[in-house]
Amino acid sequence: MKTIIEPFRTKVVEPIYFTSQGEREALLACAGYNLFKLNAKDCTIDFLTDSGTAALSSDQWSALMRADESYAGASSFHRFEKSVKSIFGFKEVLPVHQGRAAERLLFSELVKPGQKIPSNTHFDTTRANLEARGATAVDLPCRAWRDGDSAASFAGNIDLSELERLICEAEPGMIPFAMLTVTNNACGGQPVSMRNLRQTSQLLKRHHIPLFIDAARFAENAYLIQQREENYSSTSISSIVEEMFTYADGCLMSCKKDGIANIGGFIALNDSELVERVKVEMIVTEGFPTYGGLSGRDLETIAIGLYEATNEDYLRYREASARFLHDRLKRIGIPVISPPALHAVYVDAAAMLTHIPPLELPGQALACELYREAGIRSCEIGTAMFGKSDPETGITVCAPHELVRLALPRRVYSQSHYEYVIEAFSNINQRRSSIRGLKITKQAEKLRHFTAVYEPIEKTSPSINCDSEMEGFNKNRVLYEI
Ligand SMILES: *Cc1c(COP(=O)(O)O)cnc(C)c1O
């Protein structure tokens, strides 16, 4: 059979609700055009994130009953520990409440002010946690990503020559470690190849710099290695995962992604001395090292979810659903990032709404339009999220891409839901020239997209192209004066 179906059937259902266009207009205005401020029940299809939004399996629900909620040494911890160690191969594992807690704990031990931490591209919380330590997060996405090469199989790779240059130019001790994010979430969810992992590890070893993997979507990355990389088509996902992590000194994981859990994360390391130091800090803010801020139920869910995420039938279905949405949007003329990732489909809002310049937030404008049209919640990944305004000069540096991410929760939506989203895009596309940009009227200093307030603008202004010094903004850098 050629038809790829969901490798599961529904056992419990959750109703979704419908709103009228008038209601959605009012809700958008009340939310300050910030979709994070909407109530979830007002979103008919919620593609805001694939983080923590998965449907649990019957095995996971059964494990919730057997969970051991003891404060120390619970058997749920031992099952969690066994699962992480056997999948990732590290000697020690510390549970934490989510990925960003892993970042804060590890960085508080390893990062000093003024240091630089290179990555294929840091996720936004990773960047914020590094900056909070006074360090610089350096993004080195590969050329294929910077050039928008849609034929590239591994556009999530790190640029090895840029990495080497950074290392050679840095003062000794200024690069405490490097990171690779698999898949590369901030770069369209594109995968990192085994070859790139191996070569990064070799380069770093020559300079005695440790490598940590941000493993949020390790299974999806492994699947794409199996599908796309030479010599891996007959290797099992578990063997690919095993090899991937032999190249690293440790990993951080948000289990809200490929842990198929609603909360949780971990730090896995081989350096037991470092683990002991992290444990001291961990007890102050996260909890005792055998629960790390999680309940026994969460640890059970993760112990099983990590295995379910590496199941090949599941990964095949996941890829088929992302591809379905991607291909159909492309067919009706929506500019999408190709090839599609597994956890999301990314729409290029700058290419779709060419009349809205980056400073007027075409991504945020498109995300609002999707909600207005059909109650679909998505997430802007562009200037609203990554742009920066300098309060002294009044100049805003725009993000390199203006994307709208349609994140696909794991095991939640079916093909008819995707058809609904495709119809919404088709309707919006027909009236796209009438869509207006937005301006920010209120914003926080860090991670501004979560809390910003926006307002529609009446008229669009011309754009000016020039260079900026900002690291990580490698392409289409545009400066705007407010
Ligand atoms: C989600 C995510 C994080 C942060 O994890 P949280 O569980 O949301 O704190 C870090 N890195 C990547 C790549 C992520 O996708």
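**Exercise 1. Domains**

Into which domains is the protein divided? State how the domains are placed relative to each other.

*Solution.* The coordinates are a predicted model.

Step 1. Domain 1 is made of 21-42 + 312-472, and domain 2 spans 58-309.

Step 2. Between the C-alpha centres of domain 1 and domain 2 the distance is 27 Å.

Step 3. In the contact, domain 1 takes part with 25 residues and domain 2 with 32 residues.

**Exercise 2. The nonpolar cores**

Locate the largest nonpolar core and explain why it lies between the domains.

*Solution.*

Step 1. The largest nonpolar core holds 58 residues. F88, F218, M244, F245, C251, F266 and L306 have the most contacts inside this core.

Step 2. Helix α9 (residues 218-228) supplies the largest share, 6 residues.

Step 3. Both domain 1 and domain 2 give residues to the core, so the core lies between them.

Step 4. Take F245 as an example. Leaving aside residues up to four places away in sequence, F245 touches F88, F90, I213, A215, F218 and C251.

Step 5. A separate second core has 30 residues, among them A322, I334, V404 and F425.

**Exercise 3. Helix α9**

Determine how many residues of α9 are buried and which elements they pack against.

*Solution.*

Step 1. Of the 11 residues in α9, 9 are buried, which leaves the helix mostly covered.

Step 2. The buried set consists of F218, A219, E220, N221, A222, Y223, L224, I225 and Q226.

Step 3. These buried residues pack against the helices α3 (75-88), α8 (194-206), α10 (237-246), α12 (296-309) and α13 (312-331), and against the strand β7 (250-254).

**Exercise 4. The ligand site**

Identify the residues that come nearest to the ligand, then list polar contacts to its oxygen atoms.

*Solution.*

Step 1. There are 14 residues around the ligand, and Q98, R100, D214, S254 and K257 come nearest.

Step 2. For Q98, a side-chain N or O atom is 2.9 Å from an oxygen atom of the ligand. For R100, the corresponding distance to a ligand oxygen atom is 2.7 Å. N185 places a polar side-chain atom 3.2 Å from an oxygen atom of the ligand.

Step 3. On its own the ligand has 380 Å² of accessible area, and the protein covers 97% of it.

Step 4. Among the elements that form the shell, helix α4 (residues 99-110) gives the most, with 3 residues.

**Exercise 5. S108 in helix α4**

Is S108 buried or exposed? Describe its surroundings.

*Solution.*

Step 1. S108 is located in helix α4.

Step 2. The relative accessibility of S108 is 19%. The cut-off for buried is under 20%, so S108 counts as buried.

Step 3. A polar atom of the S108 side chain lies 2.8 Å from the backbone oxygen of L105.

Step 4. Not counting residues up to four places away in sequence, S108 touches R133 and E281.

**Exercise 6. Helix α5**

Which residues of α5 are buried, and what do they pack against?

*Solution.*

Step 1. Helix α5 (residues 124-132) is mostly covered, with 7 of its 9 residues buried.

Step 2. The buried residues are D124, T125, T126, R127, A128, N129 and L130.

Step 3. They pack against the helices α4 and α16 (383-386), together with the strands β3 (116-119), β4 (136-139), β5 (178-181) and β6 (211-214).

Step 4. Just after α5, G134 has a positive phi of about 80 degrees.

Note on methods:
Residues numbered from 1 in each chain as written. Predicted model: local features only at pLDDT ≥ 70, side-chain atom pairs only at ≥ 80, totals over all residues. Heavy atoms only, no water. Core = buried A, V, L, I, M, F, W, Y, C linked by side-chain atoms within 4.5 Å. Buried < 20%, exposed > 50% of the residue type's maximum accessible area, 1.4 Å probe, protein only. Helix = DSSP H or I, 4+ residues; strand = E, 2+ residues; numbered from the N terminus. Domains from an automatic or database assignment. Contact = heavy atoms within 4.5 Å. Near = heavy atom within 4 Å. Polar contact = N/O pair within 3.5 Å; in protein donor to acceptor, adjacent residues only side chain to side chain. Areas by Shrake-Rupley, 256 points an atom, 1.4 Å probe, with all protein chains shown as cover.
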